[in-house]
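Me: I'm new to this one and would like a close look at a single part: the aromatic rings. Could you walk me through them slowly, and then point me to somewhere else to look?

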Amino acid sequence: MAQVAQTFDAPAVRTWCGLALRALGRAREEIDAINVYPVADGDTGTNLYLTVESAAAAVEAVFAAHEVGGGTGGAAGTSSGPSLADAARAMAHGALIGARGNSGTILAQLLRGMAQVFAADGDRAHTDGRGLCLALRRAADSARQAVAHPMEGTVLSVASAAADAATGTEGDCGTVALAAYQGACAALAATPGQLAVLERAGVVDAGGRGLVAVLAALVETFTGRTPKQGASPSAAAVAADGRPVVPHARVCAAEDDGPGACAPPASGPAFEVIYLLDAEDAAVARLRERLDGLGDSLVVVGGDGLWNVHVHVDDAGAAVEAGVEAGRPHRIRITHFGAGDAHTGGSGRPHRERAQRAVVAVVPGEGLAGLYTEAGATAVLARPGEQLASGELVEAVRRAHAREVVLLPNDPELRHTASAAAEQARGEGVRVALIPTRSAVQGIAALAVHEPGRRFDEDVVAMTSAAGATRHAEVAVAERQSWTTAGICQAGDVLGLIDGDVAVIGSDVAATAETVLDRMLSAGGELVTLVLGDEAPGSIADRLQTRVRETYLAVDTVVYQGGRQGALLLIGVE
């Protein structure tokens, strides 16, 4: 049992995030299964889980920073860790940057609304039941404002009902949280009567179901117990563990009146577009109007210069271009609601057989993502300066839809994250082998010898051997002064890292790259792989290829464009 919080403070935020993540993990498949609105894409539970996982990771990072640095010096932070405002802001920011899908984006705004109330109290160590009431009210109102066309019978209705129930309650945080949970349960049970699509499918709203799980975790944070079902008939539609019980729920059968009898046909926009956006408030207001005219399910959340934009459109390019006009869009994700995938809804979607084997790889840039994808792998795009969550890797394994999966993290910092993802995937019946690749060039070497037709163990051994036989290096620019294994570097210096350690400090990118390459090839090699970043000098590839050709006999060179990969240049020597 998690430690019971007496008031809402930073440790309570941490506990809540952990319990909510666990609750959504248990309920994920169930929530995915009842997802029919706004698009029957069967991923609401997964999206909510990934959103909360990102929020929880951000909170953990704040606590870790205080443990290392001894606090920030705030009134509540120096000896007892972060303040409530610090933890709540981290939770909201983590949810914002990690939000997935329509419901995940709305949940991020709910958490942001709560954080705004807690932050208004400055560095107060905690808040009471009244403060929690205000936070829940602000959360519901801000989430509704973020949605272009709010609909009743959705997570917005559940959030509003939770806030209404909390507002009329006197008592401590546990009492308020329980009232909010019970109000949410009642509203969730009523959603089929508010949306015809839910009633036809015989299910409650999936996003609302996820919010009930999050609120149940909030109750457990303050009481140490999972809340029991409410006494009223409407609240009784949610069982003791927070799972909805819908008496008339059914699964569409073949004899039903066509594939749309339970869920609506996929007649809406063809693409889901999501991106983070750096922009000013005025530009975002114009963006809302532009996107509202392009599609539906528009949700724009965030503030203070950073926003998360979600919309369903037929013209994905126009949606991204609108973001470019408003500011700087990044971490762009475009999903096609194609015929035959989960977005067709109902029993009409064909069953897709699992592949026997797949490769899932983390890659640092769009160019490498394309390369890996062309080679048959499922690529997960890494984000410079941000750690991937294990849930993102698990979701990639699910997308690969194979009985056997080889996982290539391509980063030593991701080894534990990848290991956790592999364990979770094994629990779902997938045979997973984790090859501890430390660089994308090692992953390329492993992928080059991958043969799906041979025995799994033999394939993994061959891929592991190829990766291990590949030395890796990168050339990057130092961001600040630092001690390194090659001496002290200054901001702006060019660094050459070999097998993860700084080996060369220089002032010229091409010259530093040549020195790195010479040191690597001094021990021998047959193939040099160069992966160029967007900011690498245009002539560097020719210069290095000429160097290899004129200096080293029988050594081949291959060049790839990596895109925005963080490092100027990645080098592999096999």
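Reply: One cut-off first: a residue counts as buried when its relative accessible area is under 20%. Also keep in mind that this is a predicted model.

Now for the rings. Searching the whole structure turns up 3 aromatic pairs, and ring pairs tie Phe8, Trp16, Phe118 and Phe222 together into a cluster. Let's start from Phe8 and work outwards.

Phe8 pairs with Phe118. Their ring centres are 5.0 Å apart and the planes make an angle of 55°, and a pair like that is called tilted. What does this pair link along the chain? It links distant parts: Phe8 belongs to strand β1 (residues 8-9), Phe118 belongs to helix α4 (residues 101-119), and the two are 110 residues apart.

Phe8 has a second partner in Phe222. Here the centres are 5.4 Å apart and the planes stand at 70°, so this pair is edge-to-face. Why does 70° earn that name? Because planes over 60 degrees apart count as edge-to-face. This pair also links distant parts of the chain, with Phe8 in strand β1 and Phe222 in helix α9 (residues 206-223), 214 residues apart.

Are these three phenylalanines buried or exposed? Go through them with the cut-off in hand. Phe8 has a relative accessible area of 0%, so it is buried. Phe118 comes out at 1%, so it counts as buried too. Phe222 sits at 8%, and because the limit is under 20%, Phe222 is buried as well.

One more ring deserves a glance, this time with a charge beside it. The charged end of Arg14 sits over the ring of Phe63, 4.3 Å from the ring's centre.

And somewhere else to look? Try the open sheet made of 4 strands, running in the order β8-β7-β9-β10 with parallel pairing. Strands β8 (378-381) and β10 (431-434) are its edges, each pairing on one side only. From one strand to the next, the twist averages 20°. Inside the sheet, β7 (residues 355-363) pairs with β9 (residues 402-408) over 6 bridges, in the parallel sense. To find your way, look for Ala358, which stands opposite Val405 in β9. Then look for helix α14 (residues 415-427), which packs on the sheet and touches β9 and β10. The helix direction makes about 165° with that of β10.

How values were computed
Residues numbered from 1 in each chain as written. Predicted model: local features only at pLDDT ≥ 70, side-chain atom pairs only at ≥ 80, totals over all residues. Heavy atoms only, no water. Pairing = 2+ DSSP bridges. Axes fitted to C-alpha atoms, helices over the stretch in contact; angles between N-to-C directions. Contact = heavy atoms within 4.5 Å. Phe/Tyr/Trp six-rings, centres within 6.5 Å; stacked < 30°, edge-to-face > 60°. Buried < 20%, exposed > 50% of the residue type's maximum accessible area, 1.4 Å probe, protein only. Lys NZ or Arg CZ within 6 Å of the ring centre and 35° of its normal.
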